[in-house]
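Visitor: I'd like a close look at one part of this protein, with the rest of the fold brought in around it. Could you take me through it slowly?

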Amino acid sequence: RLCQQHSSHNSNTEREEREAMNKRVLIRILLFLVVFNSFYLCLYFIHHHNSSLISSNPIHNTFPKKPPFKRPFIEIKQTHFSKPWPILPSYLPWSKDSTFVPPRSCEGYFGNGFTRRLEVFSGDKGGGWFRCWYSESLRSSVCEGGRVRMVVEKIEMAKGGESLVDVIGRSEEEELPVFRNGAFEVDGGEGFEDERKLAVDSEFLDRYVPRGEIMRHTMRDLISKIRVVGRKEFACDQWIEEPTLLVTRFEYANLFHTVTDWYSAYVSSRVTGLPNRPHLVFVDGHCMAQLEETWKALFSSVRYAKNFSGTVCFRHAILSPLGYETALFKGLTEDIFCDGAPAQELRQKPDDHKTARLSEFGEMIRAAFGLPLNLNHVRKPVSGGHNILFVRREDYLAHPRHGGKVESRLTNEAEVFESLKSWAPNYKGCKINLVNGLFAHMSMKEQVQAIQDASVIIGAHGAGLTHIVSALPKTVILEIISSQFRRPHFAYIARWKGLEYHAINLDGSYANTETVINALVSIMKSLRC
């Protein structure tokens, strides 16, 4: 028992000694930390005091100051889902071999005539690049670049994307972009030393991005202000990892002109071989419009340049030519002798005077809205019979400078519609469904659906008829044209699509209802109705 007591006493003594030693170590550590912190506090106050003396002393102010402390730069990388390309029945490969695309052929105008590759810049050691694809047929270029930075503060324009009612009265000048040098920059790489070099000169622009008849060529202006900068200057607040289209628009609320913009963006995506549908940035200050619904359906996402903050860098940026530079617009003033043909026919027997590209594009629009593409060429609606779609012109507020009144192209449009409404149910040949195409009060998907379901499309000359790019084969077009608006827009689109087209040319703007009905009777008989 005495031995056990002695052992227990020794254990207690050892434990007490260890605890005492631990306390001494802890005290020493605390004292060290106090001394250490006091030392650095003294250094801080001494430095702060000397800095105050220097800043208040005019003699010391002649010496260069130390640069201010900068927080470490952190790049924000944004990865977004990209929509896949749909399978289109009329799709044909987009060749980059100039031997297969003769200048001024139908493929040169409507397909990939952008076959001349122009290497503008290629940076060393992981730097960026910039190139253009030139079309001799259209005399314009699709340009693209890698590691491209957008500096939004150097683009003067409205923010864009606002609600229309919030910007009523805003001028067009406020919405169109003005670019300063360096609004866009390409990373020159680590070895690049020629600071603030412009990517292209005026000679290049005049040859490959000519102004032509366009008074204000915003895409040419954008390209003219692109600089190549060294890696040290190339700092980005955020990165967009997916291929992105940069688009500038003019008549963004007009369907015809917007279709030319859609087509240019689609062609640019195909010419540059993008594996998926690109994202899109509007480099303009226009407010939102109804047509934006289709932009969002066609592409992976849509944003406005001024809605970004700081500098934005793109791994791959594609500059879409203006809609004015497409065959859809140029064909109004120059001869483009092309006839629409089925893609299957052109696969077996290519023809420089035929094209299926507008049919491919129309299918792209329908697919973007999830509408079926494998329909029979002769349309039989579920309800039976044939749909006659009357595309109406009605008042609506289009843009901030618009008064809400649409110019009449057919003064008795309501009378014509009512007469057709009485005629259709009494027609003996077959069942006819007359569809009242009040497009201003329909979503874009509903409009495209109505076009797809129509056997016959009738209407006064107006932008709404541009929807025929999405019409099915064998759809018949009947355009009522007043004497003040004898323009070939829709006759050409119908021809390039391979659609049957008829016109009723008026002496003024008043249509005889019997003349319209007789024209429709003739068309319905041709459809075996």
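What is the strand order in the open sheet of 5 strands, and is the pairing parallel or antiparallel?

Guide: Happy to. Keep in mind that this is a predicted model. The open sheet has 5 strands in the order β18-β17-β19-β20-β21, and the pairing is parallel. At the edges sit β18 (432-437) and β21 (500-505), each of which pairs on one side only. Going from one strand to the next, the twist averages 20 degrees.

Let's zoom in on one pairing in that sheet. Strand β17 (residues 386-391) runs parallel to strand β19 (residues 454-460), with 5 bridges between them. If you want a spot to click on, try Val391, which stands opposite Gly459 in β19. Now look for what lies over these strands: helix α11 (residues 413-423) lies across β17, β18 and β19. The angle between α11 and β18 is about 155 degrees.

To place this sheet in its setting, step back to the whole chain. The protein has 14 helices and 21 strands. Of its 529 residues, 50% are buried. Contacts reach a long way along the sequence, too: take those between residues at least 6 apart, and 76% of them join residues at least 24 apart.

For a contrast with the parallel sheet, go to β3 (residues 129-135). This strand has antiparallel partners: strand β2 (residues 114-122) pairs with β3 over 7 bridges, and β3 pairs with β4 over 7 bridges as well. In the first of these pairings, Leu118 stands opposite Cys132 in β3. In the other, Arg131 stands opposite Glu144 in β4. As for the connections, the hairpin of β2 and β3 has 6 residues between the strands, and Lys125 there takes a positive phi near 50 degrees. The hairpin of β3 and β4 has 4 residues between the strands, with Arg139 at a positive phi near 55 degrees. Of the 7 residues of β3, 6 are buried, so the strand is largely enclosed by the rest of the structure.

Cys132 is worth another click, since a disulfide joins Cys132 to Cys143, S to S 2.0 Å. The torsion about that S-S bond is about 100 degrees, so this disulfide is right-handed. Its two ends lie in β3 and in strand β4 (residues 140-151), 11 residues apart. Cys132 has a relative accessible area of 0%, under the 20% cut-off, so Cys132 is buried. Cys143, at 1% relative accessibility, is buried too.

That bond is one of 4 disulfides. Count the bonded cysteines along the chain and the pattern reads 1-6, 2-3, 4-5, 7-8. Another of the bonds ties Cys106 to Cys338, with the sulfur atoms 2.2 Å apart. Here the S-S torsion is about -115 degrees, so the disulfide is left-handed. It spans 232 residues, from Cys106 in helix α2 (residues 106-110) to Cys338 in the loop between α8 (327-330) and β15 (339-340). Both Cys106 and Cys338 are buried.

Cys236 and Cys313 make a further bond, S to S 1.8 Å. Its torsion is about -75 degrees, so this disulfide is left-handed. Cys236 sits in the loop between β9 (226-229) and β10 (238-240), while Cys313 belongs to strand β14 (residues 311-319), 77 residues apart. Cys236 is buried, at 0% relative accessible area, and Cys313 is buried at 0% as well.

Last stop: a pair of helices. The axes of helix α6 (residues 255-271) and helix α10 (residues 357-368) come within 11 Å and cross at roughly 100 degrees. An angle from 65 to 115 degrees counts as roughly perpendicular, and α6 and α10 are therefore roughly perpendicular to each other. From α6, the contact uses Val259, Trp262, Tyr263, Tyr266 and Arg270. From α10 come Arg357, Leu358, Glu360, Phe361, Met364 and Ile365. Sorted by class, that contact has 8 nonpolar residues, 3 charged ones and no polar ones.

Note on methods:
Residues are numbered from 1 along each chain as its sequence is written. This is a predicted model: local features need pLDDT of at least 70, side-chain atom pairs count only at pLDDT 80 or more; totals for chains, interfaces and linings use all residues. Side-chain values use heavy atoms; hydrogens and water are left out. Axes are lines fitted to C-alpha atoms, for helices over the stretch in contact, and angles run from 0 to 180 degrees between N-to-C directions. Angles under 35 degrees count as roughly parallel, over 145 as roughly antiparallel, 65 to 115 as roughly perpendicular and the rest as oblique. Contact means heavy atoms within 4.5 Å. Ala, Val, Leu, Ile, Met, Phe, Trp, Tyr, Cys and Pro count as nonpolar, Asp, Glu, Lys and Arg as charged, and the others, Gly among them, as polar. A disulfide is a pair of cysteine sulfur atoms within 2.5 Å. Buried means under 20% relative accessible area, exposed over 50%, partly exposed in between (1.4 Å probe, protein chains only). Two strands pair if DSSP finds at least two bridges between them.
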